[in-house]
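Work through the exercises below with the model open. Each task is followed by its solution.

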Amino acid sequence: AEALKARDVDAVVIGGGFSGLYATKRLVDIGLEVRSFDAADDVGGVWTWNRYPGARTDSLHEAYQFSFDREFATSWAYSNIHPTQPEVLAYLNRFADHFGLRKHYTLSTRVESAVFDEASARWVITTDGGETVTAKYFVTGMGLVSAPILPNVPGVESFRGEVHHTSRWPQHEVDFSGKRVAVIGTGSSGVQIISAIAGDVSELTIFQRTPNWVPPTGHRPVTAEERTGIVANYDEIWRRVRQHPAGWPWEAAGRLALETDPAEREAIFEEAWRRGGFSMLYETFDDLFTDKAANDVICEWMASKIASIVHDPATAAKLTPSHPYGAKRPPAADGYLEAFNQEHVRLVDIRETPITHFTERGIATSDGEYEVDIIVMATGFDAITGAFTRMDIRGIGGKSLNEHWQDGPKTYLGVAVSGFPNMFMVAGPQSPFANLPPGAQEQGNWIADLIVHMRQQGIELVQTTVESEEEWTKHLTEVAEALVTRYGLEANSWFAGANIEGKPRAFNVYFGGANVHADLCDAEAADGYPHFEKVSSMATIS
Ligand code: NA7
């Protein structure tokens, strides 16, 4: 069947997760011939890779899906309020099946390069399967966190036990029972797997570089009433999602921490902590991002919570972050802090005692060797830009995207890049940090609408302008610097490219709100795409 797939198509899409699947669907809907690729052996995007114990989204069940097809969206429901990895993967598979998307995909195939050929005004895409495909439109949906990184210390190949990166988890179950296990990294993946396996292992050693604020998830089954509510309140849920800065089905809290009486504040924090997940950040007070003093109040409260849960004061102190809440992507996990009260769980602060190298038996730090059977790398990703910079993408004049982004990404609205005509990104660099599926749907629709517009107007190519890119990058940077997200630079946040030595320090995501971004995208379309140059043939583009 593969051999029958066309080598010259209207559009190539990279990615089989939320972004790529939806873009594929929309482009097929408007009548394009589409070839889509994914390196994984099945559709599902990051959810095919992140199979580690405890993996789940922090997004809420009713909004962690697409809304465009009411019947499809209400024909089933997730079973837990924060859907688990197997359920999200099942949803994406069902989505691909229901809309007949699989036939467009070439799986287990990594796109290695995408080069714009000026003579033919087409994108030339080559894969690690040795195939070359040409297309008029090139659309990426490669994921924000899909290019994994390992610690920058030597010797991992000499370790005799098992090593797994959370996002390259094996298909088979890893048996942790009775094993001595090391987990490196305490981001979202680290805290999830630590909570999930702490009770099974004989020894658990956690290597922490930067502590995180980790509220519980409030994980529980979706109630029968909530299930009915998804159908009954469908329009209201999605109206809220569209209007919320992070794409949650929530309203603003409508109150400020600094204007609330301390006793009432405590009660609000306590209740949000009980509800778990992003409630602490988005359902308590509206000034946490904008006002460092307000953020200090919630951090102080969470610090006392850590001290009340973790028995050993020295461990509690090490687990307490110094950065504002929201300056790094905040994780959530149930029983994470409690795990440190177990005799067999210990915390190694690698700022005090850095990892020097891996050994045959385990991990060596400046303070000695830790012998283990399994090492879990929960060390994260070359986030946001890594999927792009690990490929060879070239636009007009052979200019490489890597070069264009050497000081950090530059895009217009996170969707388009100057000098890279007819290339569109879903959830690309500089797009909003928010609940992903609704954003992927917005952007997929927007791209399809633009292509329809091009066809109606006889436009062959569009590219955004250098000025538009500068304008968006400037605005995005000003927003990030006005909020507590500015502390992300010091806190190793991948929001700011600061989790990797040598990576350009630049804000990679938009913190001005998914709602604001969607409004800007809508206006851009309504105004006839003023931030784009439109050409009817290659001769007029420069
Ligand atoms: P994250 O959030 O980037 O977390 C990675 C963790 O690994 C974090 O604690 C890092 O410390 C730590 N890390 C990274 N490099 C090293 C080295 N060299 N040595 C020790 N520790 C290291 O990735 P996740 O997979 O947890 O989550 C990614 C996103 O996926 C998540 O936010 C959700 O949106 C879904 P650091 O904080 O950088 O000092």
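**Exercise 1: a core residue**

Task: list the residues that Ala11 touches, leaving out those up to four places away in sequence.

Solution. Start at Ala11. Its contacts are Leu27, Leu32, Val34, Ala135, Lys136, Tyr137 and Val139. Next, place Ala11 in its setting. The model is predicted, and its largest nonpolar core has 159 residues. Ala11 is among those with the most contacts inside this core, along with Val181, Ala182 and Val183. Finally, ask which element gives the core its largest share. That is helix H15, residues 436-457, with eight residues.

**Exercise 2: the ligand shell**

Task: describe the residues around the ligand by distance, origin and class.

Solution. Count first: 23 residues surround the ligand. Pro151, Gly185, Gly187, Ser189 and Gly380 come nearest. Then take origin. Helix H5, residues 188-197, supplies the largest share of the shell, three residues. Then take class. The shell has 13 polar, eight nonpolar and two charged residues.

**Exercise 3: Val516**

Task: locate Val516 and explain why Val516 counts as partly exposed.

Solution. Val516 sits in helix H17, residues 514-526. Count its C-beta neighbours inside 10 Å: there are 14. Buried needs 20 or more, and exposed needs 12 or fewer. Val516 has 14, so it is partly exposed. Now look along the chain. Arg242 is 274 residues away from Val516, yet their C-alpha atoms are separated by 9.5 Å.

**Exercise 4: confidence**

Task: report the predictor's scores for the chain and the complex.

Solution. For the protein chain, mean pLDDT is 96. Of its residues, 98% reach 70 or more. For the complex, ipTM is 0.99 and pTM is 0.97.

Conventions. Residues numbered from 1 in each chain as written. Predicted model: local features only at pLDDT ≥ 70, side-chain atom pairs only at ≥ 80, totals over all residues. Core = buried A, V, L, I, M, F, W, Y, C linked by C-beta atoms within 7 Å. Helix = DSSP H or I, 4+ residues; strand = E, 2+ residues; numbered from the N terminus. Contact = placed C-beta atoms within 7 Å. Near = placed C-beta within 6 Å. Nonpolar A, V, L, I, M, F, W, Y, C, P; charged D, E, K, R; others polar. pLDDT = per-residue confidence, 0-100.
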